[in-house]
Amino acid sequence: MMNEVTRILTAIESGDPAAAEMLLPLVYDELRKLAAQKLAREKPGQTLQATALVHEAYLRLVDGAGDRNWNGRTHFFRAAAEVMRRILVDSARQKHSKKRGGAWRQVDLDSAVELAEEPAADVVAVNEALDLLVKHDPVKAELVKLRYFAGLSVEEAAEVLGISRATADRYWRYAKTWLYCALTRGSNPDAK
């Protein structure tokens with residue numbers, strides 16, 4: 001199946017209009033799993049569903065005007081992780097805009113009972129801290145994107161990045177600490 005995905009991605013890059021239709025059935029389940037894992041970490045009241053996230057990401061990847069020069073399946077899923085991150089950040093920013101109710105919090109009846117639980121990390125704040133990490137260490141930032149936004153395991157992310165599991169573990173510990181410092185201090189942890 002991996003060879004088939006790579007072949008179809010090459011056909012899409014070459015401009016074959018029928019190739020995009022053949023790709024979705026092959027990658028849909030994997031993309032949906034990634035989207036469901038990411039959305040499971042979101043705050044209660046999230047209106048974006050895994051199916052909608054997958055479809056939006058797929059449309060941006062295949063039908064969008066962006067870069068479609070994928071070097072196989074691994075590169076495609078890295079691009080999918082980045083697109084999902086952008087969609088989730090855009091969605092979070094829209095929810096917090098004054099035009100859409102600003103500080104008002106939308107809560108359904110079932111979630112109202114769970115209000116005592118600690119809220120999940122704010123996607124926009126994580127994204128801003130991640131932008132700082134990209135400037136500091138792009139490889140570790142890519143690992144965070146794959147783990148946090150695409151829901152990959154350490155093993156899967158190591159494979160996508162072409163690094164060993166031990167290196168991925170070290171990078172993950174470093175990146176989590178770096179991001180924690182950025183989120184709690186509100187600035188670049190490396191700045192004095």
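The following paragraphs describe how four helices of this predicted model pack against one another, and then its ring interactions.

Residues are numbered from 1 along each chain as its sequence is written, and side-chain values use heavy atoms, without hydrogens or water. Because the model is predicted, local features need pLDDT of at least 70 and side-chain atom pairs count only at pLDDT 80 or more, whereas totals for chains, interfaces and linings use all residues.

Two packed helices are described by the angle between their axes and the distance between the axes. Here axes are lines fitted to C-alpha atoms, for helices over the stretch in contact, and angles run from 0 to 180 degrees between N-to-C directions. Helices are DSSP runs (H or I, at least four residues), numbered from the N terminus.

Helix α6 (residues 123-136) packs with α7 at an angle of about 155 degrees, their axes being 7 Å apart. The two are therefore roughly antiparallel (angles over 145 degrees; under 35 is roughly parallel, 65 to 115 roughly perpendicular and the rest oblique). In the contact (heavy atoms within 4.5 Å), Val-123, Val-126, Leu-130, Leu-133, Val-134 and His-136 of α6 meet Pro-138, Lys-140, Ala-141, Val-144, Lys-145, Tyr-148 and Phe-149 of α7. These residues comprise ten nonpolar, one polar and two charged, where Ala, Val, Leu, Ile, Met, Phe, Trp, Tyr, Cys and Pro count as nonpolar, Asp, Glu, Lys and Arg as charged, and the others, Gly among them, as polar.

Helix α6 also packs with α9 (residues 165-185), at about 120 degrees and with axes 9 Å apart, which makes the pair oblique. Their crossing is right-handed (the near helix is turned clockwise from the far one by less than a right angle; anticlockwise would be left-handed). The α6 side of the contact includes Ala-125, Ala-129 and Leu-132, and the α9 side includes Trp-178, Leu-179 and Leu-183. By class, twelve residues are nonpolar, one is polar and none is charged.

Helix α7 (residues 138-149) packs in turn with α8 (residues 154-161) at about 135 degrees, with axes 10 Å apart; α7 and α8 are therefore oblique to each other. Val-139, Glu-142, Leu-143, Leu-146 and Arg-147 of α7 contact Val-154, Ala-157, Val-160 and Leu-161 of α8.

Two charges lie over ring faces (NZ of Lys or CZ of Arg within 6 Å of the ring centre and within 35 degrees of the ring normal). Lys-140 lies over Tyr-174, at 4.9 Å from the ring centre, and Arg-147 lies over Trp-172, at 4.4 Å.
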